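Thanks, everyone. I have one structure to show today. Let me put it on the screen.

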Number of protein chains: 2
Amino acid sequence: MSESVAILGDGQMALVMADALAYRGLAVRIWGPVAADALELARTRRSPRLDGFQLPESVQVTAEDRAAFDGAGMIISAIPTQYLRSVWQRLRRQVPPRACIISVTKGIEIGTSMRPTQVIADVLATVQTSKRPNVQTGDASRAVSARCAPGGQDVPNPPLVALSGPSIAAELARRLPASLVAASADAGCARLAQDLLHVPWLRVYRHDDVIGVEMAGATKNVIALAAGMIDGLQAGDNAKSALLARGLAEIARLGVALGAKLDTFFGIAGVGDLATTCFSPVGRNRTCGERLARGEPLDSILSSMSSVVEGVPTTRAVLAMARAHHVDMPITAAVHAILFEGLTPREAIRDLMGRELKAEQVG
Amino acid sequence: MSESVAILGDGQMALVMADALAYRGLAVRIWGPVAADALELARTRRSPRLDGFQLPESVQVTAEDRAAFDGAGMIISAIPTQYLRSVWQRLRRQVPPRACIISVTKGIEIGTSMRPTQVIADVLATVQTSKRPNVQTGDASRAVSARCAPGGQDVPNPPLVALSGPSIAAELARRLPASLVAASADAGCARLAQDLLHVPWLRVYRHDDVIGVEMAGATKNVIALAAGMIDGLQAGDNAKSALLARGLAEIARLGVALGAKLDTFFGIAGVGDLATTCFSPVGRNRTCGERLARGEPLDSILSSMSSVVEGVPTTRAVLAMARAHHVDMPITAAVHAILFEGLTPREAIRDLMGRELKAEQVG
């Protein structure tokens, strides 16, 4: 294969995606938003964000906006949610027409309550098609493009795919087996993501519920913060698993209120991702929750971590959405109160355990 | 309170239930099927099956069949599935009329494919009501009985409750917080279980889907064996979480085919119990799977463990049910092939990862 893939971002997910695509023999280019970091990655093939990982030699790294896409037939967007809009605004005029855009970001934009693919679509919708450069695409990426939007010339909003699932980067970096879900309204583009990421350690399922897959991927980070707090309080796996079940119920309620399918929350991108995020010792959100429960202030935790803890801003965004849609989310509300309102994790657990006894309701 | 509760069995769950009920000030009596073990427990207040646990002094222990119930208003049945029928047959003529029976057993009887509450009901249905002794019930248990089956005299099949949820005994023994589900067609009896187990570390939800709660409790042990194998192969939490999601989908499919509600599998007794069983390091089924994947023969693992590994016989029973109801259960089939047909865990994972790429389906 010789398809060309552009990866936006040089964080954990960008690196492990580059590794898989390079293994497939694809021409891969990583674009990093901060020039110094990108140059360092290009030189050392290593990143302080992913211990022990070595970037394959075939992967190019650039910090130049004009070189970000270079006629790529597939773009992987791996930018943290709260920087997503500014990065795409910066690069929007370079985006090759007809390219499939695969988003691996998990979060909700504060203020707009938009999902990552919505933010990208929103930015690209403001680009006048006439102002887009007529990017010359090579044979390989033309082949890719034809499968995404056959016959299209200048497509203002390229087809978008949300790629999600249980994907702790430290494990993907070691090429341990994982399953992912590629959700898109464009079945051809979902199939392309499935095909290009078909390496021995990845199994990609297609899906059509973009709302559900993205909402599950964003909201699970909130529940993971709570799971980490249970670890920090040494309350045990029974409590953490009950939290997982009740957390799943409340994030599914919100998803359904927004138009997602309930089933999505009980699949790989839902409960699968939630489980790994709540239980993997290396998960960033879980770790942040654990340190909070041990008494460390949020600011000091965040400033000590080399990667963004998506669950923290996402908690604000999710609670706002829950209120706007009148969805009861007691765990999210408790996490919000702990992060931003001074409640302690111990008080929160006592409150949750002490709620009125009742019949269980799911969904 | 002064209600009297009889607990059948002296295994892990019997012990932690006794602890909670004694904490509530109830008169609790444990009946053990093996006299020597029961006497040792009565004397030492400790059990080789639950390290560090100390049985409260107020809990009585007996090995005498005639003293098993002694007019109890509530009976907790905590006998491993494959011994359940013989124990209830042995004691069936002693069962006080109108007592609520709470089953905490998680499994399926081989041969009959019956759930634990079905086995108990089946045994009790063979008892002629006229042959049951007219057990004298005290004030307290009369109060209990009145709430279970008001006005009843001799009820051939007492009301049954399936009590389930994420409940690793080693954690309950330390009184770490946990949530359980009490499922019954008899709402009064479910409410009684909820009331009597209302201690600071337990939160009991009522439920009406007995089939779903029992099927989830049985089948999750099969998935936990597979989860342990992933641990034994050091394949990581991404793989284990994907297995959890795909395992949940297949056990839910079987449950629904048997008349369970899909939602039950996504609640505390479903995904909650599945998560703790797959992730808690001390879970017996997970541990058994881990040792299998490291190359230890099944016989040697089972003979070294002080408690029954329910998942092993349950795998046979579940696969038989799946075939009878034409439900596709690839993970259960793989576990069966590993346990009884000589497949290795590594071969099984390769087979599961190599299945045809497709769209994800839940339920």
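I'll go from the pair of chains down to single residues.

First, a caution: this is a predicted model. Every value I quote is computed from it.

Start with the symmetry. Chain B goes onto chain A with an RMSD of 0.0 Å. The operation is a turn of 180°, with a shift of 0.0 Å along the axis. The two copies are therefore related as by a two-fold rotation axis. The same surface serves both copies. In figures, 100% of the contact residues of chain B recur in chain A.

Now chain A by itself. The chain has 363 residues, and 63% of them are buried. Its secondary structure is 15 helices and eight strands. Take the contacts in chain A with a separation of 6 or more: 74% of them join residues 24 or more positions apart. The exposed area of chain A is about 13,200 Å². Carbon and sulfur atoms supply 49% of that area.

On to the sheet, which I'll describe in chain B. What is the strand order? It runs β3-β2-β1-β4-β5-β6-β7-β8, eight strands in an open sheet with mixed pairing. The edges are β3, residues 60–62, and β8, residues 202–207, of chain B. Each edge strand pairs on one side only. Neighbouring strands are turned by 25° against each other on average, ignoring direction.

Look at one end of that sheet. Strand β7 of chain B, residues 178–183, pairs with β8(B) in the parallel sense, over six bridges. Within this region, B:Ala183 stands opposite B:His207 in β8(B). Helix α8 of chain B, residues 210–232, packs on the sheet. The helix touches β5, β6, β7 and β8 of chain B. Its direction makes about 40° with that of β6(B).

Back to chain A for another strand pair. Strand β1, residues 4–8, and β2(A) pair in the parallel sense over five bridges. A:Val5 stands opposite A:Val28 in β2(A). Is β2(A) enclosed or open, and why? Four of its five residues, in the run 27–31, are buried, so the strand is largely enclosed by the rest of the structure.

The same reasoning works for a helix. In α14 of chain A, residues 330–340, nine of the 11 residues are buried, so this helix too is largely enclosed by the rest of the structure. Among the buried ones are A:Pro330, A:Ile331, A:His336 and A:Leu339. Just after α14(A), A:Gly342 takes a positive phi of about 85°.

Next, the nonpolar cores. The largest has 114 residues. Which members touch the most others? A:Leu244, B:Leu244 and B:Phe265 do. Take B:Phe265, and leave aside its neighbours within four places in sequence. Its contacts include B:Met215, B:Ala216, B:Leu248, B:Ile251 and B:Val271. Apart from this core lies another, of 45 residues. Among its members are B:Val5, B:Val61, B:Ala78 and B:Ile102.

Last, a residue on the outside. A:Leu39 lies in helix α2 of chain A, residues 35–44. Is it buried or exposed? With a relative accessible area of 61%, A:Leu39 is exposed, because the cut-off for exposed is over 50%. From A:Leu39 to A:His198 is 159 residues in sequence. In space, those two are 29 Å apart, C-alpha to C-alpha.

That's the tour. I'm happy to take questions.

Conventions
Residues numbered from 1 in each chain as written. Chains lettered and ligands numbered in written order. Predicted model: local features only at pLDDT ≥ 70, side-chain atom pairs only at ≥ 80, totals over all residues. Heavy atoms only, no water. Least-squares fit on C-alpha atoms with pLDDT ≥ 70 in both. Contact = heavy atoms within 4.5 Å. Helix = DSSP H or I, 4+ residues; strand = E, 2+ residues; numbered from the N terminus. Buried < 20%, exposed > 50% of the residue type's maximum accessible area, 1.4 Å probe, protein only. Areas by Shrake-Rupley, 256 points an atom, 1.4 Å probe, with all protein chains shown as cover. Pairing = 2+ DSSP bridges. Axes fitted to C-alpha atoms, helices over the stretch in contact; angles between N-to-C directions. Core = buried A, V, L, I, M, F, W, Y, C linked by side-chain atoms within 4.5 Å.
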